[in-house]
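Reader: I should like to learn how a ligand site and a domain contact are read from a model. Please take me through one case.

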Amino acid sequence: MSKLWGGRFASGPADAMAALSLSTHFDWQLATYDIAGSRAHARALHRAGLLTDDELTRMIAALDVLEADVVSGVFTPVVADEDVHTALERGLMDRAGAELGGKLRAGRSRNDQIATLFRMWLRDAARRVADGTLDVIDALVDQAQRHPGAVMPGRTHLQHAQPVLLAHHLLAHVQSLLRDIDRLRDWDARTAVSPYGSGALAGSSLGLDPAAVATELGFDESVENSIDGTASRDFAAEIAFCLAMLGVNLSRIAEEVIIWTTAEFGYAVLDDAWATGSSIMPQKKNPDVAELTRGKSGRLIGNLTGLLATLKAQPLAYNRDLQEDKEPVFDSVAQLELLLPAIAGMVGTLTFDTARMAALAPAGFTLATDIAEWLVKQGVPFRVAHEAAGECVRLAEARGVGLDELTDAEFAKVSEHLTPEVRAVLTVEGSIASRDGRGGTAPARVAEQLGRVGERVTAA
Ligand code: ARG
């Protein structure tokens, strides 16, 4: 196979050189995008008077056949093809004839091609990842709707803190996943700019119209600067971050599922379809989906940092280092496409032991803040109220009882302001209902939150 750059070379590449150079094992994913780019480029050449009407018709027909052959697997790259562009040029020559096929390379370079195709591929991938994330959100929202009144111990430092609604906790995860989707959408707006027409780095002299190519390929506009168009990869690093952040957010859900399904917590039980067993311990039901999520989130962070390291200090414009930009991001997308449906399935089928969660909700004196805040409402300064509530905890702990089991006399001894009316806030339900400011865990606020989440999901 003739290289795209054979003319000035007396010999072909050494085997190890060719093996190092090869990228078709990963960039073949870009093949249909490359063909779409070729169609748009053929039309640009035609408009510039560099292809006749007849040549354009034959070129498009050959590209259509090539695309069908790529999609059906009839046409595949061979080892001698350096990259996806080389392979497809060979395929086009076979179908259009060498003379016509050879005209398509005018006015473009693999440098502006790859920068364009990579953006196109990633924009579609971002949509798929957002859709998969919406499925996880749906599963969380569904669980929240199915458990409107379920309570649980809210935690800070993993210690019991204040009781909250299970739905409020689940929706906290939804909020971060919605931001992950927002981030992908923001990224897309910045990435909807086509480098086609940048050529190798300096632009084209052939009177082509990059804006028309951009429109045909679904971009909003073409790049302002051809050097930037071919050399910049911040769009790749930025989506690698978006994907890593999504992975990290998913890992926090995963970690909680792992903890919640232990015997000690016993908050939830995994559905059989989303758990694995042990080859030796017959009783085991392991949260592998959650563990793989936790593990793969590390891999996604590695993909981001590896890509940033590849980009660091590269001089403008294109350098072959940039060929290393695709695998990490392709991998992050591939891992998320495996993870997201599994997490949605796991979360959606969790069975919560709401009785156990309710029983544990007041444990660890989680209502102590309620005593303090009740005192504040009686006009006691918070510093004093905090002390008094702390003393109540000390008394209850010493007697081995809950705060609600302290006697009226004990309350009165701690503070003259601690009248029996304080008992109104010494229930989990009372505590939760009292947190009714915007963003709070009170059932009315959580119901409103569910409504707004529903609107954002519909709009996403
Ligand atoms: N395979 C290359 C990449 O992924 C395409 C661009 C190659 N350009 C070049 N001048 N060798 O970056």
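Author: The model is predicted. Let us begin with the ligand. The residues around the ligand are Ser-23, Asp-27, Asp-83, Arg-110, Asn-111, Ile-114, Arg-320, Leu-322 and Gln-323.

Reader: Which helix gives the largest share of the shell around the ligand?

Author: Helix H7, residues 110-146, does so, with three residues.

Reader: How many residues of each class does the shell around the ligand have?

Author: Four residues of the shell are charged, three are polar and two are nonpolar.

Reader: Where does the ligand shell lie with respect to the domains?

Author: One asks which domains give residues to the shell. Here both domain 1 (6-106) and domain 2 (111-148 + 155-208 + 217-359) do, so the shell lies between them. The domain assignment of the chain also gives domain 3, residues 360-459.

Reader: How far apart do the C-alpha centres of domain 2 and domain 3 lie, and how many residues does the contact take from each?

Author: The C-alpha centres of these two domains lie 37 Å apart. Domain 2 provides 22 residues to the contact, and domain 3 provides 18 residues.

Reader: Which elements supply the side of domain 2 that touches domain 3?

Author: At least two residues each come from H7, strand S2 (159-165), helix H8 (166-191) and helix H14 (354-360). On this side of domain 2, S2 gives the largest share, seven residues.

Reader: What is the class composition of that side of domain 2?

Author: The side of domain 2 that touches domain 3 has 16 nonpolar residues, five polar residues and one charged residue.

How values were computed: Residues numbered from 1 in each chain as written. Predicted model: local features only at pLDDT ≥ 70, side-chain atom pairs only at ≥ 80, totals over all residues. Near = placed C-beta within 6 Å. Helix = DSSP H or I, 4+ residues; strand = E, 2+ residues; numbered from the N terminus. Nonpolar A, V, L, I, M, F, W, Y, C, P; charged D, E, K, R; others polar. Domains from an automatic or database assignment. Contact = placed C-beta atoms within 7 Å.
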